[in-house]
Amino acid sequence: CLASAFEMHFNTMVSFLKTPYIAKDIFLNEGEGVFLIKNKEDLFRLNRSSFYVCQEFLENSFDYRIIVIGGKAVTLAKRIRGENEFRNNAHLGARKEFVDLHAADPRIKKYAEKIARLFKIDIAGLDLLPSKGDFYFLEINHCPSLIPLKSVETEQFSVFVKKLLSE
């Protein structure tokens with residue numbers, strides 16, 4: 001009976017998202033529990049006692065992680081996935097590159113700040129994926145890693161925190 005429920009789920013998801021699609025275990029983090037579902041066999045490998053969020057898979061080679069604190073975008077990193085990997089997660093070997101927020105596409109900052117505000121999260125890590133001429137919101141983390149990427153990011157982060165504390 002559980003197998004037929006999974007098959008029904010697969011058919012429903014394919015009607016909405018097509019294959020491949022992404023299934024994210026809501027109880028895991030750091031890229032673990034994120035699966036690329038290409039067929040019914042992939043779906044049957046999932047932990048059946050967990051819950052998943054499913055989303056369209058968009059071909060890409062990188063995404064952006066934006067840290068938002070107090071409603072303001074503070075840092076921006078380009079995360080370039082490793083070879084033979086579909087996830088752009090640093091914990092899974094993706095390379096991080098610091099990107100100057102002032103030189104980046106202004107929509108990144110605008111979207112990140114608006115999304116953090118909508119979710120009412122004061123400290124957030126947002127993942128945006130550039131695709132088809134726009135940016136797609138992948139997820140928001142209420143407990144993002146705040147480890148600086150480079151000294152220039154550390155300096156930018158420090159300046160922001162000092163400014164925030166002086167207000």
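Is Lys-114 buried, partly exposed or exposed, and what is its relative accessible area? Select Lys-114 to begin: the residue is partly exposed, with a relative accessible area of 47%, where buried means under 20%, exposed means over 50% and partly exposed lies in between, computed with a 1.4 Å probe and the protein chains only. Before going further, note that this is a predicted model, in which local features need pLDDT of at least 70, side-chain atom pairs count only at pLDDT 80 or more, and totals for chains, interfaces and linings use all residues. Residues are numbered from 1 along each chain as its sequence is written, and side-chain values use heavy atoms, with hydrogens and water left out.

**The whole chain**

Colour the protein chain by secondary structure, and 4 helices and 8 strands appear; helices (H or I, at least four residues) and strands (E, at least two) are DSSP runs, numbered from the N terminus. Read from the N terminus, the elements follow the order α-β-β-α-β-β-β-β-α-β-β-α. Of the 167 residues in the protein chain, 38% are buried. Among contacts between residues at least 6 apart in sequence, 57% join residues at least 24 apart, a contact being heavy atoms within 4.5 Å. Switch on the surface: the accessible area of the protein chain is about 10,300 Å², and carbon and sulfur atoms account for 56% of that. Accessible areas come from the Shrake-Rupley method with a 1.4 Å probe, and for residues only the protein chains shown count as cover.

**Two surface patches**

Return to Lys-114, which is placed in helix 3, and add Lys-72, Lys-109, Lys-110 and Arg-117 to the selection; together with Lys-114 they gather in a patch of positive charge on the surface. Helix 3 (residues 106-119) supplies the largest share of this patch, 4 residues. Patches are made of residues with over 30% relative accessible area and no salt bridge, like charges being joined within 9 Å and nonpolar side chains (Val, Leu, Ile, Met, Phe, Trp, Tyr) within 5 Å. Lys and Arg count as positive and Asp and Glu as negative, while His and the chain ends are not counted; the place of a charge is taken as NZ of Lys, CZ of Arg, CG of Asp or CD of Glu.

Next select Ile-26, Phe-27, Leu-28, Phe-51 and Val-53, which make a nonpolar surface patch of about 530 Å². Ile-26 sits in the loop between strand 1 (21-25) and strand 2 (34-37) and is partly exposed, at a relative accessible area of 45%.

**A buried position in strand 7**

Move to Ala-124, a residue of strand 7 (residues 123-131) that is buried, with a relative accessible area of 0%. Leaving aside neighbours within four places in sequence, Ala-124 is in contact with Ile-66, Ile-67, Val-68, Ala-116, Ile-140, Asn-141 and Pro-144. A distance drawn from the C-alpha atom of Ala-124 to that of Lys-72, 52 residues away along the chain, reads 9.9 Å.

**Two lysines with positive phi**

Which loop holds Lys-120? Lys-120 is placed in the loop between helix 3 and strand 7, and its phi is near 55°, a positive value in a residue other than glycine; the residue is exposed, with a relative accessible area of 74%. Lys-132, found in the loop between strand 7 and strand 8 (134-141), also is not a glycine and has a positive phi of about 55°, and at 63% relative accessibility Lys-132 counts as exposed.

**Salt bridges**

Side chains of opposite charge can pair when their charged atoms come close. The structure holds 10 salt bridges, each a side-chain nitrogen of Lys or Arg within 4 Å of a carboxyl oxygen of Asp or Glu. Keep Lys-132 selected and add Glu-56, its salt-bridge partner, with the closest N and O atoms 3.6 Å apart. Glu-56 lies in strand 3 (residues 52-56) and Lys-132 in the loop between strand 7 and strand 8, so the pair ties together parts that are 76 residues apart in sequence. Glu-56 is partly exposed, with a relative accessible area of 37%.

Now select Asp-63 and Arg-79, whose side chains meet in a salt bridge of 2.9 Å, N to O. Asp-63 belongs to strand 4 (residues 62-69) and Arg-79 to strand 5 (residues 72-80), so this pair ties together parts 16 residues apart in sequence. Asp-63 is buried at a relative accessible area of 3%, and Arg-79 counts as buried at 6%.

Finish with Asp-127 and Arg-65, which meet in a salt bridge of 2.5 Å, N to O. Asp-127 lies in strand 7 and Arg-65 in strand 4, so the pair ties together parts that are 62 residues apart in sequence. Both Asp-127 and Arg-65 are buried, and salt bridges that share partners join Asp-63, Arg-65, Arg-79 and Asp-127 into one network.
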